[in-house]
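User: I am new to reading protein models. Please pick one part, the sheets and what surrounds them, and take me through it slowly.

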Amino acid sequence: MNLLSVEKLGKNFGERILFENLSFGLSKGDKMALIANNGTGKSSMLKILSGDDIADSGKVVFRNECKISYLSQDVTFNNDITINELINSAHNKISLLVKAYEQAVYNNSDIPTSYSEKLVEDLTAEMDKNNAWDYQRRSKQILSKFNINDFSQKVGILSGGQKKRLALALLLLENADILLLDEPTNHLDITMIEWLEKYLQQQNITLLMVTHDRYFLERVCNHIIELEAGNLYHHKGNYAYFLEKRSERESNFDVEIAKAQKLMKKELEWIRRSPKARTTKSKARIDNFNKIKLKATSKRITKELNIDVKMDRIGGKILELKNIKKSYDSLIILDGFDYTFKKGERIGILGKNGVGKSTFLNIITGLEKVDSGKINLGETINYGYFTQLGLEIDEERRVIQILKDIAEFIVMSDGKKVSASQLLEHFMFTPEMQFTQVKRLSGGERRRLHLLTVLMKNPNFLILDEPTNDLDLLTLTKLEEFLLQYKGCLILVSHDRFFMDKLTEHLFVFKGNGIIEDYYCSYSEYRAQEIKEEKEFKKIQHLEKENSKLQSQRKKLSFNEKYEYDNLEKELVDLENERKKLECDIQNINISTEKMIEISTRLGVLVNMIDEKELRWLELDEKNNIYE
């Protein structure tokens, strides 16, 4: 039975159709992802399902009492309250339930009535249903997983990333029947992404999400719905299964078009030969020809991101950092960092939020000064810096104007000149979209435009700080293809593990407190080694804890143990002497069968007795020696 049913849903954005006639269902336990290009209304669909927006057509049906929790890309809170006040405020449904229960119990204890008793009974059932009894403990436990530990600080001083993590933690606490997640991995560091990934895998949670994180898609989702050219395709499987089926569908589509084109050619010849007078049969054939023609000419035009700009020549000297130090009060970012960049290097930067990754990039590009040390920059270096801040431009201006402010045209790698308008089309901005005001662009479209303004300057040293946020999968794939061919130096900061794996071969890992470790490997290889070391460390800790526990439990030999210990030595000597005698007796060639069986049986008993008593003696001897 579906928790959610969507029937013929449609939404427009001005004169632009985002989607129409979309129908699908969501059952309990489904972990579904919505995949589509940017600008097709993925976020709008989630807003409609959450109740934050209204569809232009169609309907959304939820099963009775189905609870929805929605995580938007843009999180808003009351900045004047503390995190602790937020946890206990009306923002959280569970918090409201706890308050209602406490108030009902208080009222019932004062003057009990049948109504107040029934209310307490009903709210108790709701508390059970929502697992709300230990809400305070669970809230602080989950918040700590997202590195939120100071509950007295005001929400207003939190960064955008911290607010996103706070919103995600509060959403998980609500125990909703359906989670609607819009880019949940944005602003999370890799450790948090992996924790969230594991949490969603293990919990019997029903969710519908939009995400560009392909490892996340692969490991969490069991359903994928794809929106393409106004059609919705449903794939019951993970991301790898989706890619396989999409490839099959596109191949089949191409075969169908090829057949239709051959048939159209044949029918076209008949039409040209046929007389002007048309019979009913002829008219039917002509109508059928028009259908074939529509099919034959319906080949999908895939708007591809084709980036192939000419890169400035890069000289022998690139960038040298010598004994660089940088700190903010007690926060140490760099503590004597040394490195000389080489031609064509592809470096990935890892580290938790707040350890100084963006500061490091700003130092390299000269946007921030160092406390001490020396930076030697090659004369031919031309930076292209894609920042998290995005474009700072007049929102009223049109897309084409933004590019023309930089250059009317750009030289491609083959020497051809491409106009700003043509380059925008390469970046999947249609002629109509090029005259759209910037304020009307989606988050992904803005970042695509920002990326284009960076690449238009022909950089030979490219720095990308979280470039994958808000980009759709098509854009990501094409950007990866470009970066794989890019000959200049590349520094990449990204929480997208797939993106990092594909593009980097060398890692700077920011550990905090000025410590930066250097690894020549892929992200997955680094992470596998890190997990192995974490397991070994935990194993050592466990053994040390167990040994410490065992040592604390040990005591000196008691009087009885001392008596047993002394007698065991004598008993073992006697048993060994008896064993040796019996072994000699059994070698006698004149021994009878009955006697041999008797001696063998006794020898078996003796061996067991000696083994048991030796083990006990060793145990007591170790205990006696430790405390002597």
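Analyst: What follows is a walk through two sheets, then a helix pair and two loop residues. Keep in mind that this is a predicted model.

Start with the open sheet of 6 strands. Its order is β5-β6-β7-β3-β8-β9, and the pairing is mixed. Strands of a sheet pair through backbone hydrogen bonds, either parallel or antiparallel. At the edges of this sheet are β5 (68–71) and β9 (231–235), and each of them pairs on one side only. From one strand to the next, the twist averages 15°.

Now go to the β9 edge. Strand β8 (residues 223–228) runs antiparallel to β9, and 5 bridges join the two. One residue pair to find is I225 with its bridge partner H234 in β9.

Next, look for the helix on this sheet. Helix α1 (residues 42–50) packs there. It touches β3 (31–35), β5, β6 (178–182) and β7 (206–210). The direction of α1 makes about 150° with that of β6.

Turn to another open sheet. It has 3 strands in the order β11-β10-β13, and the pairing is antiparallel. Strands β11 (331–341) and β13 (372–377) stand at the edges. Each has a single partner strand, so one side of each is left without a neighbour in the sheet. Neighbouring strands here are turned by 20° against each other on average, direction ignored. Strand β10 (residues 319–328) is joined to β11 by 8 bridges. Within β10 and β11, find K325: it stands opposite D335 in β11.

Helices can pack on each other too. Two packed helices are described by the angle between their axes and the distance between the axes. Take α5 (residues 135–145) and α6 (residues 160–173): their axes come within 9 Å and cross at roughly 145°. The crossing is right-handed. From α5, the contact uses Y135, R138, S139, I142 and L143. From α6, it uses L166, A169, L172 and L173. These residues divide into 7 nonpolar, 1 polar and 1 charged.

Finish with two loop residues. E466 is found in the loop between β17 (461–465) and α16 (473–485). Its phi is near 55°, a positive value in a residue other than glycine. N513 lies in the loop between β19 (506–512) and β20 (515–519). Phi of N513 is near 60°, again positive in a residue other than glycine. Are these residues buried or exposed? E466 counts as buried because its relative accessibility is 3%, under the 20% cut-off. N513 is exposed, because its relative accessible area is 53%, over the 50% cut-off.

Note on methods:
Residues numbered from 1 in each chain as written. Predicted model: local features only at pLDDT ≥ 70, side-chain atom pairs only at ≥ 80, totals over all residues. Heavy atoms only, no water. Axes fitted to C-alpha atoms, helices over the stretch in contact; angles between N-to-C directions. Helix = DSSP H or I, 4+ residues; strand = E, 2+ residues; numbered from the N terminus. Left-handed = near helix turned anticlockwise from the far one by under 90°. Contact = heavy atoms within 4.5 Å. Nonpolar A, V, L, I, M, F, W, Y, C, P; charged D, E, K, R; others polar. Buried < 20%, exposed > 50% of the residue type's maximum accessible area, 1.4 Å probe, protein only. Pairing = 2+ DSSP bridges.
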